[in-house]
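Student: I have a new protein model open, and I would like to learn how to read it. Could we go through it together?

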Amino acid sequence: MSEISSWLIEADRRFTEERPVHHSWDPTTRASLVILWGLLIYPLLDKDLKQEQKKISVDFLNHLFQEHFGGKDGCDSILALFQRHDYIRFTESRYIVPGTRLFTAVDAARMYPIFRTSLLARRLMKASKDHG
């Protein structure tokens with residue numbers, strides 16, 4: 001988890017002296033943010049998966065993350081944290097779409113080639129299509 005969480009971007013010192021809020025989160029929460037980037041942003045960048053807007057169901061994320069966060073309530077609290085800081089947004093129909101900060105949180109230049117060749121990435125994409 002800590003390796004995955006290292007793909008999050010630190011602050012761009014040209015614009016702010018503050019570190020992004022996700023910098024203080026634990027490695028599991030940070031890794032979950034990277035996985036969300038892979039599910040919601042990566043498909044917008046990949047030429048083979050090109051999509052206009054990616055969304056995933058809350059139920060799918062609860063299934064995906066519940067063992068890491070101690071069940072549905074723990075997962076819901078992490079999703080609320082992500083929403084509060086605009087990493088994700090909820091739709092009326094219980095889907096999640098990317099928030100503004102999710103687009104800039106992950107180092108896409110480092111993440112893209114790793115995600116593109118990853119077996120895990122292909123499994124996540126298939127699972128999200130099956131449940132989305």
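Here the tutor and the student talk through the fold, the strands, the core and the rings.

Tutor: Gladly! Keep in mind that this is a predicted model.

Student: Where do I begin? How many helices and strands does the protein chain have?

Tutor: Start by listing the elements. The protein chain has 8 helices and 3 strands. Read from the N terminus, their order is α-α-α-β-α-α-β-β-α-α-α.

Student: Which strands are joined by bridges, and how do they run?

Tutor: Strand S3 (residues 95–98) has two partners. Strand S1 (residues 56–57) is joined to S3 by 2 bridges, and the two run antiparallel. Strand S2 (residues 88–90) is also antiparallel to S3, with 3 bridges between them. To see the pairing in detail, find Ile-56 opposite Ile-96, then Ile-88 opposite Pro-98.

Student: What links S2 to S3 along the chain?

Tutor: They form a hairpin, with 4 residues between the two strands. Look in the turn for Arg-94, whose phi is positive, at about 65°.

Student: Which way do the side chains of a strand point?

Tutor: The general idea is that side chains in a regular strand alternate between the two faces of the sheet. Now look at S3: Tyr-95 and Val-97 point one way, while Ile-96 and Pro-98 point the other way. Those four residues are all buried.

Student: How much of the protein chain is buried?

Tutor: Of its 132 residues, 42% are buried. As for the outside, the accessible surface is about 7,500 Å², and carbon and sulfur atoms account for 53% of that.

Student: What should I look for on the inside?

Tutor: In soluble globular proteins, nonpolar side chains tend to be buried together. Here the largest nonpolar core has 29 residues. The members that touch the most others are Leu-36, Ile-56, Leu-61, Leu-79, Phe-82 and Ile-96.

Student: Which helices supply at least two residues of this core?

Tutor: Helices H2 (27–40), H4 (58–69), H5 (72–84), H6 (100–105) and H7 (108–116) each do so. H2 gives the most, with 7 residues.

Student: Can we zoom in on one core residue? What does Leu-36 touch?

Tutor: Leaving aside residues up to four places away in sequence, Leu-36 touches Ile-41, Ile-56, Leu-61, Phe-65, Phe-82, Ile-88 and Leu-102. We can also ask about contacts across the whole chain. Among those between residues at least 6 apart in sequence, 60% join residues at least 24 apart.

Student: How many aromatic pairs are there, and how do I read one?

Tutor: There are 4 aromatic pairs. Check the distance between ring centres and the angle between planes. Trp-37 and Tyr-42 are 6.5 Å apart, centre to centre, with 50° between the planes, which makes the pair tilted. Phe-82 and Tyr-87 are edge-to-face, at 6.4 Å and 70°. Ring pairs also link Trp-25 with Phe-82 and Tyr-87 into a cluster.

Student: Why do Trp-37 and Phe-82 count as buried?

Tutor: The cut-off is under 20% relative accessible area. Trp-37 counts as buried because its relative accessibility is 0%, and Phe-82 is also at 0%. Their partners are buried too: Tyr-42 is at 2%, and so is Tyr-87.

Student: Where does Lys-55 lie?

Tutor: Lys-55 lies over the face of Tyr-95, at 4.6 Å from the ring centre. You have already met Tyr-95 in strand S3, where it is buried.

Note on methods
Residues numbered from 1 in each chain as written. Predicted model: local features only at pLDDT ≥ 70, side-chain atom pairs only at ≥ 80, totals over all residues. Heavy atoms only, no water. Phe/Tyr/Trp six-rings, centres within 6.5 Å; stacked < 30°, edge-to-face > 60°. Buried < 20%, exposed > 50% of the residue type's maximum accessible area, 1.4 Å probe, protein only. Lys NZ or Arg CZ within 6 Å of the ring centre and 35° of its normal. Core = buried A, V, L, I, M, F, W, Y, C linked by side-chain atoms within 4.5 Å. Contact = heavy atoms within 4.5 Å. Pairing = 2+ DSSP bridges. Areas by Shrake-Rupley, 256 points an atom, 1.4 Å probe, with all protein chains shown as cover.
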